[in-house]
Structures are given as structure tokens and as C-alpha cells.
Amino acid sequence: MSGRDFGSTLDTGEPAFLEGDPGDSAYVVESGRIEIVKGIGDARVRVAVLGAGEIFGEMALLDNRPRTASAIALEPTRLTVVTREYLQERLKDSDPLLRHLVHVLSARLRTVLAPAGAAGATPRSAADEQDRQSALQRLQLSQAIEQGLDRGEFQLFLQPIVQLTDSQPVGFEALIRWQRPGQGFVSPVEFIPVAEQSELIVDIGHWVIRTACAQLAQLDRDPVAASLPPLFISVNLSARQFSDPRFFEVLESERQRHHLQAKRLKLEVTESLLIENLGAAEAMLRRCKELGFTLALDDFGAGYSSLAYLSRFPVDTLKLDRCFVQGLAGNPAMQKVVRAIAALGQTLHMQVLAEGIETPDDAALLRELGVNHAQGWNFAKAMPLADALAYLRKMTTVRAE
Ligand code: C2E
Ligand code: CA
Ligand code: CA
């Protein structure tokens with residue numbers, strides 16, 4: 001046999017391996033036929049004949065035990081070889097869940113296939129055990145999220161976004177909350193990344209869009225809110241939603257159902273998300289603009305910022321990351337940066353919004369630096385719809401006084 005690493009060709013009667021040989025590879029039959037036999041001479045028993053596409057010798061990927069049968073070519077046969085080393089290399093950087101599944105499936109295989117008495121799991125290394133734990137936790141969490149969606153355990157909170165000149169509300173950011181039975185509120189920082197690893201985030205995304213549109217319509221029905229200039233609602237998007245074929249269908253049908261102007265629905269995408277998905281993101285954002293929805297670039301300045309895509313992407317709002325606000329008062333250099341970004345936003349006809357404003361002093365400073373909009377605990381925290389309505393009423397009264 002030659003070329004063990006990638007492929008090998010056997011003549012008729014030539015073995016891929018013999019019973020008792022040490023094994024470190026599995027094989028896939030590309031063409032030809034392989035006979036699997038146990039024993040020798042008179043005791044020789046044919047176990048199987050394998051053709052193109054079939055795999056054999058896979059137990060060697062799991063352990064170092066000698067081959068328990070021989071594999072011999074019945075005709076000129078071409079094989080693909082998968083070495084244990086290759087598999088481990090491929091698995092090393094893969095999803096821990098995948099690694100764990102391979103581990104579980106291999107243990108099952110071993111129990112089913114290994115000779116009597118030899119069955120049983122090999123001891124796990126600490127790293128394997130860690131993989132197993134984190135995979136299990138993620139699996140349980142994603143099952144709980146799925147169930148939670150079915151059972152209505154999620155809520156969409158609204159955090160006011162105000163105009164810095166007069167602190168009047170102009171819109172809300174929709175922030176998801178999960179009230180997990182017996183565990184109180186679970187932060188989106190904990191469950192969104194898990195949901196993002198599967199299609200669950202797409203289901204969550206649809207729920208967020210449906211709920212956000214319904215909430216905006218409900219705000220509109222309140223006489224006090226109706227007396228204000230039309231408010232917008234912004235929703236956060238995850239990478240996978242860029243390739244969700246139903247995204248615009250859902251967004252557009254919910255918009256129409258609630259008779260909302262498209263420009264009142266704002267989509268928040270982060271800079272890093274755009275950079276990592278340039279092609280898909282660009283197409284999606286253009287479609288979004290064609291339909292009249294608005295766009296906010298979230299966490300602006302938190303990662304690697306490239307001013308180049310400000311001209312490339314049709315962004316309406318720059319959301320300055322909270323790191324610009326933290327310690328701003330004592331940082332004249334940062335103040336210059338913020339002033340420059342505010343001016344840039346003005347030139348590009350973008351709103352510049354500062355997030356995470358916690359004190360009146362920060363609000364005053366940001367206003368002075370030319371930032372238009374603001375969001376943060378200084379104004380209000382994210383709250384349920386009923387509280388958002390009460391907040392609007394209160395703000396309208398303040399304005400009327
Ligand atoms: P984000 O989009 O950057 O949202 C802003 C976060 O800052 C929110 O955290 C908000 O509650 C918090 N925040 C607001 N004002 C202040 C403040 O003055 N000080 C401080 N320290 N924090 C403030 P939250 O609600 O825990 O959300 C965390 C992240 O989870 C969001 O970051 C967003 O990336 C993600 N997320 C939330 N809801 C959704 C959703 O519906 N879909 C997706 N895909 N992601 C979501
Ligand atoms: Ca956001
Ligand atoms: Ca943000």
C-alpha cells in the first residue's frame with residue numbers, strides 16, 4: 001500500500017490490513033470491492049463485502065487495539081484513508097458540541113462493536129471532560145431556549161432613546177429578556193450567543209420582529225404617544241439572520257399588518273458583524289434600504305473601525321459604543337474624537353447616538369460635543385411595554401409644563 005495519508009490503491013488479493021495489525025486509520029472505498037474476513041485458513045469467515053462509499057476500519061479512530069478482522073481487495077480497489085491524527089486535527093478547532101457528539105457516538109460504537117469484556121468507555125482527559133460539560137450545558141440551554149419560545153417565557157423590553165437637546169423620546173431599542181422559570185431574568189448576553197450557534201436565533205429574530213411591530217402599534221394607539229412625533233423602534237440583528245431567507249418577508253408582513261411606516265423600524269447591526277459577513281451584509285442592508293427600513297451601526301468604535309464602510313453601507317445612525325462615554329469627562333483627547341465623529345455624522349447625514357449614558361453630566365457633555373441622540377440609565381432603563389407607555393405619558397407632561 002502507498003500514500004497512506006490520503007488515498008491508496010490495492011491490487012486484487014492485497015490487504016488494506018490484516019487481523020492483529022496495529023491500526024490507526026479508517027478507510028472509505030472509492031471504487032472496487034473489499035472483503036472483510038475473520039480468522040485464517042479453514043477458520044476463515046467472510047464478515048462483509050463492501051463497495052463504493054462504504055467505510056471500514058473505523059474502530060482504529062477510537063483506540064489503539066489491533067485489527068479484529070482483515071480487509072482484502074476482491075478486485076483493484078481505490079481507498080480514501082482517514083488517519084486518527086487527521087480526525088483529531090479536524091476536531092480540534094471544531095465546535096465543542098460536535099466534539100462531544102463524536103465522543104458519545106464513538107463510545108456507543110465501542111460498546112456495541114467491541115468484543116465482550118472489552119467494552120466500556122476509556123477514561124476521559126480533563127480537556128475532554130470540559131468539552132463534555134460545556135457541550136452539555138449548551139445543549140441544555142438551547143433546549144430550554146426552544147421550550148421557552150414555545151411557552152412564551154421571553155419578553156421584549158423597551159429602552160427609550162432621547163434627543164439630547166431636550167431629553168424628549170424619539171424611539172426605543174427593543175431588548176430581549178428571558179424570564180426562565182425558577183431562575184429569574186437571564187441576560188441576553190448569556191443566551192443570545194448560544195442561540196446564535198443554531199437556527200434558534202432565526203426563530204428568536206422572527207419573534208422579536210413580530211413583537212416589536214406589535215408593541216410599536218400599541219404605543220401608537222395610546223393618545224399620549226400619538227401626540228408625539230412618530231417614534232421608531234430598533235431591533236438587534238445577529239449574523240445568521242443575514243442568511244435567513246424569510247427575514248424580509250416576516251419584517252414586511254409584520255410592518256403591513258400593523259400599518260407602520262418602514263422608516264420607523266430600525267435594524268441594529270454591529271460593526272464586527274458587518275466586517276465578518278461583508279458580502280451577505282451588504283446585500284441585506286441594501287435590500288433593507290430599498291424597502292425603506294432604517295439602519296443603525298451598533299457598538300461603533302468598539303472593534304476595528306473602518307471609516308471606509310461608512311460610505312459603503314447605507315447607515316442612518318451611528319451608535320457610539322459605551323466605551324466612548326466611560327471616563328469621557330476626564331479625557332479631553334476622547335472628547336475631541338467624539339466631537340469629530342459627531343461632525344462626521346452630520347456631514348454624512350447620519351444621526352449620532354451615544355449609548356450607556358449614566359449621569360446628567362455625561363449627557364450635558366455629549367450634547368455639547370454635538371451628539372444628537374442618547375440612550376442610557378440616566379434617562380431610563382429597558383422596561384416592559386406598559387412602563388414604556390407610562391414613561392411616555394410622564395415625558396409628555398414634563399414637556400407640557
Ligand atoms: P446592545 O445592543 O449593545 O444593547 C445595549 C445594552 O446596554 C443593553 O444590555 C442595555 O440594557 C445596556 N444598557 C443600556 N443603558 C445602559 C447604561 O446606561 N449603562 C450600562 N452599563 N448598560 C446600559 P442588554 O439588554 O443586557 O443586552 C445585551 C446585548 O444583548 C445587546 O447589546 C445585544 O447585543 C444583545 N441583544 C439584546 N436583545 C437582543 C435581540 O433581541 N436580538 C439579538 N440578536 N441580540 C440582542
Ligand atoms: Ca443594540
Ligand atoms: Ca450597543
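In the predicted model, the calcium ion (ligand 3) is held by protein donors from Asp298 (OD), Asp299 (OD) and Glu355, the last of which contributes two OE entries to the list, and these donors lie 2.2 to 2.8 Å from the ion. Along the sequence, the donor residues of this calcium ion (ligand 3) follow the spacing D-D-x55-E. Asp298 also serves a second ion, since the residue bridges the calcium ion (ligand 3) and the calcium ion (ligand 2), and the two ions are placed 3.9 Å apart.

The two aspartates of this site fall into separate accessibility classes. Asp298 has a relative accessibility of 6% and is therefore counted as buried, the cut-off being under 20%. Asp299, by contrast, has a relative accessibility of 28% and counts as partly exposed, because this value lies between the limits of 20% and 50%.

Lys319, a residue of strand 15 (residues 317–320), is in contact with each of the donor residues of the calcium ion (ligand 3), namely Asp298, Asp299 and Glu355. Its other contacts, with residues up to four places away in sequence left out, include Glu173, Ala296, Leu297, Phe300 and Leu353. With a relative accessibility of 1%, Lys319 counts as buried. Two polar contacts are made by the side chain of Lys319, one with the side chain of Glu268 at 2.7 Å and another with the side chain of Gln375 at 2.9 Å; both Glu268 and Gln375 also appear among the residues that Lys319 touches.

A further buried position is Ser238, for which the relative accessible area is 6%. Ser238 is located in the loop that runs between strand 12 (232–236) and helix 7 (247–257). When neighbours within four places in sequence are set aside, the contacts of Ser238 are with Ile192, Glu196, Ile201 and Leu273.

As regards confidence, the protein chain has a mean pLDDT of 87, and 90% of its residues reach 70 or more. Residues 1–5 nevertheless stay under 50 in pLDDT, and the model shows 16 contacts for them beyond four places in sequence. Residues 112–123 likewise have a pLDDT below 50, and in the model this stretch has 8 contacts beyond near neighbours in sequence. Where pLDDT is low, the predicted coordinates should not be read in detail.

Note on methods: Residues are numbered from 1 along each chain as its sequence is written. Chains are lettered from A and ligands numbered from 1 in the order in which they are written. This is a predicted model: local features need pLDDT of at least 70, side-chain atom pairs count only at pLDDT 80 or more; totals for chains, interfaces and linings use all residues. Side-chain values use heavy atoms; hydrogens and water are left out. Donors are N, O and S atoms within 2.8 Å of the metal (3.2 Å for Na, K and Ca); water is not among the atoms, so sites may look incomplete. Buried means under 20% relative accessible area, exposed over 50%, partly exposed in between (1.4 Å probe, protein chains only). Helices (H or I, at least four residues) and strands (E, at least two) are DSSP runs, numbered from the N terminus. Contact means heavy atoms within 4.5 Å. pLDDT is the predictor's confidence in each residue, from 0 to 100. A polar contact is a pair of N or O atoms within 3.5 Å; within protein, one must be able to donate a hydrogen and the other to accept it, and residues adjacent in sequence count only if both atoms are side-chain atoms.
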